[in-house]
Amino acid sequence: MEVSKSCASTSSVCLLLFLWFHGVTKAIAEPSPPQLDKAQDRIMRGISCMVNRNWNSSLNPCQWNEVNCSSSSIPAVITQLSLSGFGLSDATIFSSICRLDTLQSLDLSKNFFTSLPGQHPPCPMKDGLQTLNFSNNRLSGQPGNFSSFPNIKVLDLSFNYLSGSISTQLTYLPKLRSLNLTSNYFEGPVPTTMVPSLEELALSGNRFSGQIPMGLFRYADLTLLDLSRNNLTGKIPDEFSSFPRLNSLLLSSNNLSGAIPQSLLNLTMLCRFAANQNRFHGSIPKGITKNIRMLDLSYNNLSGQIPSDLLSPDSLEAVDLTANRLEGLIPGNFSRSLHHLRLAENLLNGRLPESIGNATSLAYIELRDNQLVGSIPSQLGKCKNLALLDLSSNKLQGALPVELGNLEQLVMMKLQMNNLSGCIPNSFSNMKKLEVFYLGQNSFTGEIPSRVVQLPKLCYINLHGNKLNGTIPFSISSLQFLLTLALGNNELTGTIPMMPTNLNSIELGHNYLEGHIPSSIGMLSNLEFLDLSNNNLSGQVPSSLASLQSLTYLSLSYNQLSGPLPNLPRSVLLNVTGNSGLKNRTEDSDTPDNMAHNENDFKSATWVAAVSFVVAFTISFYAQLVSGCCYCEKGATAHDQHYCNVCNGHCVNPCDYHTTHYLKYQAF
């Protein structure tokens, strides 16, 4: 019994010691948050009321989101404050913020301010401020004098309405390292009045004009130079060896001319060069991608052959040479890291190299509008990350490789306007993410594989202008997202199957369809476009068509239809030419003149509808490709954070995609 009591007593003591030790350890591991002095605490609680933010008033302000404090001093002091996206417009809040004299970083982006804090009474905060972000506001007029910000290192005034020329304003910032004036209305020459130690200069989307000044090349510490989307002209000085640390050079969308500077080859740290939409001519320098990971020279006047080493460097990620005058063969050495390849709208010939299968990282390949010949290499099926494959408008021939069915990530396949033949492989049914399937204007034969038209995300199918035969698969009715079905100019036979109820366009013209028009078409409540012309359809037009409130276009011409037309809405563009037994809705509407008028109206409307769809889908698709491309790296500057947040311009990593002009086929 005594032994038992002794053990119990010992256990109690051990438990108390354990709890005490655990409490001490926890207190050491989880120190209490730094405490502000009463003055800064009172200022922050006042700001909290002004911004109407749900900050917990019972907590120390250093624990609030968007607030950072330094604990190196006692009491603690506020060093960083972010009020980004708070919907603020009242400049009186500056009087409170200015009293935070220990503030080093202030982010007021994505608000509605019309003036800077420097345009107000004396502000103690400005003396120690190192980072100021006023992007995405409503600042207008001249930017003013920055002499009251002597320690500013990062200044972001992008996406505002500032105007005028930049001359002496920047000379008052002796410690400036990063300047972002993107998307304003500044004009005049490119400024060269900044401190020589400047590291980042972003002037994109303004009205700067004239030539690139020689004075710019004295900024030897530059890592980022963005002069894109301005009105710059003339040849580029071949002086880029002056920028040994340059990482990104963006000259897109100007009127620059001449040859690509050879001095770029000396920049060992340059990983991104974009000079698209200019007037550069001559050949592409050999070795230009030795260091560059992302190269965009699209929409220029470059000529000659693609250098044999252009696509081979191990670190290469993206190349866009769209819309130039390049000729010859596509180089056969592909980097395994290459994920974007755009060579469309050139004069390239020869075969697509079988070594394309080595580019296993490819997500996007666009070779449309060239003069490529031969068959599509089966090795392309090894590029299992492909999301877009566009080989349209070439001279390709032969059968489609069944290996293309391995492209399970493919979203868009465009092979139209070639000389391809044979059957559509059943293996294509593996492409579960396929949305656009465009094989029109080739010589494909055989039946449409039923499993292919069951792909769950298909919204656009175009097999127009081939030699397909057989019946239209009933499985088409299982498609949930189908917007357009174009099977014209084939040799399909059989009856019209049941269609999905959310279909809005049916084009089955120029086939050998027979039988009656099914009344179930009246269930397609979203149907806008219906073309059943040039078939062997007979019987009456079902009265259920009158219930199609969204219907805008209806072509029933050149069939064997008879009986009265249903009472269709007057807004429907109707073409019933070539049905001798069909009675139109008005007594004189079937006269030749009226029929011709209806047919011309219908053709015009068809073009408008088709072009509208293609444009809308293209915008949607390219936007989807680039959405989410921005991410913030560790230690990103405020300038970088801004680009990351809006994903407009270039992303935080200068070697990631430039998405400003993606609607013009520019991925980076």
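**Note on the predicted model: ring pairs, strand pairing and buried sites**

1. Both Phe217 and Phe240 are buried, where buried means under 20% relative accessible area, exposed over 50% and partly exposed in between (1.4 Å probe, protein chains only). The structure is a predicted model, in which local features need pLDDT of at least 70 and side-chain atom pairs count only at pLDDT 80 or more, whereas totals for chains, interfaces and linings use all residues. Residues are numbered from 1 along each chain as its sequence is written, and side-chain values use heavy atoms, with hydrogens and water left out.

2. How many aromatic pairs does the structure hold? There are 12 aromatic pairs in the structure, and among them is the pair of Phe217 with Phe240, which is edge-to-face at 5.3 Å centre to centre, with 80° between the planes. This pair links distant parts of the chain, 23 residues apart: Phe217 belongs to the loop between strand 11 (207-210) and strand 12 (224-226), while Phe240 belongs to the loop between strand 13 (231-235) and strand 14 (248-250). Rings of Phe, Tyr and Trp (its six-membered ring) pair if their centres lie within 6.5 Å, with planes under 30 degrees apart counted as stacked, over 60 as edge-to-face and the rest as tilted; helices (H or I, at least four residues) and strands (E, at least two) are DSSP runs numbered from the N terminus.

3. Elsewhere, ring pairs join Trp55, Trp64 and Phe86 into a cluster.

4. Helix 2 (residues 38-51) contains 14 residues, and the distance from its first C-alpha to its last reaches 20 Å, close to the 20 Å expected at 1.5 Å a residue (the expected span being 1.5 Å times one less than the number of residues). Its buried residues are Gln40, Asp41, Ile43, Met44, Ile47, Ser48 and Val51. These buried residues cover an arc of only 160° around the axis, which puts them on the same side of helix 2; the arc is that of the directions from the helix axis to the C-beta atoms. On the face of helix 2 turned away from this buried side, the exposed residues are Lys38, Arg42 and Cys49.

5. The strand pairing includes a run through strands 13, 15 and 17, where two strands pair if DSSP finds at least two bridges between them. Strand 13 pairs in the parallel sense with strand 15 (residues 255-258) over 3 bridges, and Gly234 has Leu256 as its bridge partner in strand 15. Strand 15 in turn pairs with strand 17 in the parallel sense over 2 bridges, with Phe280 in strand 17 as the bridge partner of Gly258.

6. Strand 21 (residues 325-328) repays a closer look. Which of its side chains point to the buried face, and which to the other? The side chains alternate along strand 21, so that Leu326 and Gly328 point to one face and are buried, while Arg325 and Glu327 point to the other and are not. Strand 19 (residues 301-305) pairs with strand 21 in the parallel sense over 3 bridges, and the partner of Ser303 in strand 21 is Arg325. Strand 21 is also joined by 2 bridges to strand 23 (residues 347-351), the two running parallel, and here Gly328 stands opposite Leu348 of strand 23.

7. Two loop residues deserve a check of their backbone angles. Lys110 has a phi near 60°, a positive value in a residue other than glycine, and is found in the loop between strand 3 (105-107) and strand 4 (131-133). Ala323, which is not a glycine either, has a positive phi of about 60° and is found in the loop between strand 20 (318-320) and strand 21. Most residues other than glycine have a negative phi. As for accessibility, Lys110 counts as partly exposed because its relative accessibility is 32%, whereas Ala323 counts as buried because its value is 15%.

8. Three polar residues have 0% relative accessibility and therefore count as buried: Ser158, Asn276 and Glu366. Ser158 lies in the loop between strand 6 (154-156) and strand 7 (161-165), and its C-alpha atom is separated by 5.8 Å from that of Ser183, although the two residues are 25 residues apart along the chain. Asn276 is found in the loop between strand 16 (272-274) and strand 17 (279-282), while the place of Glu366 is in strand 24 (residues 364-366).
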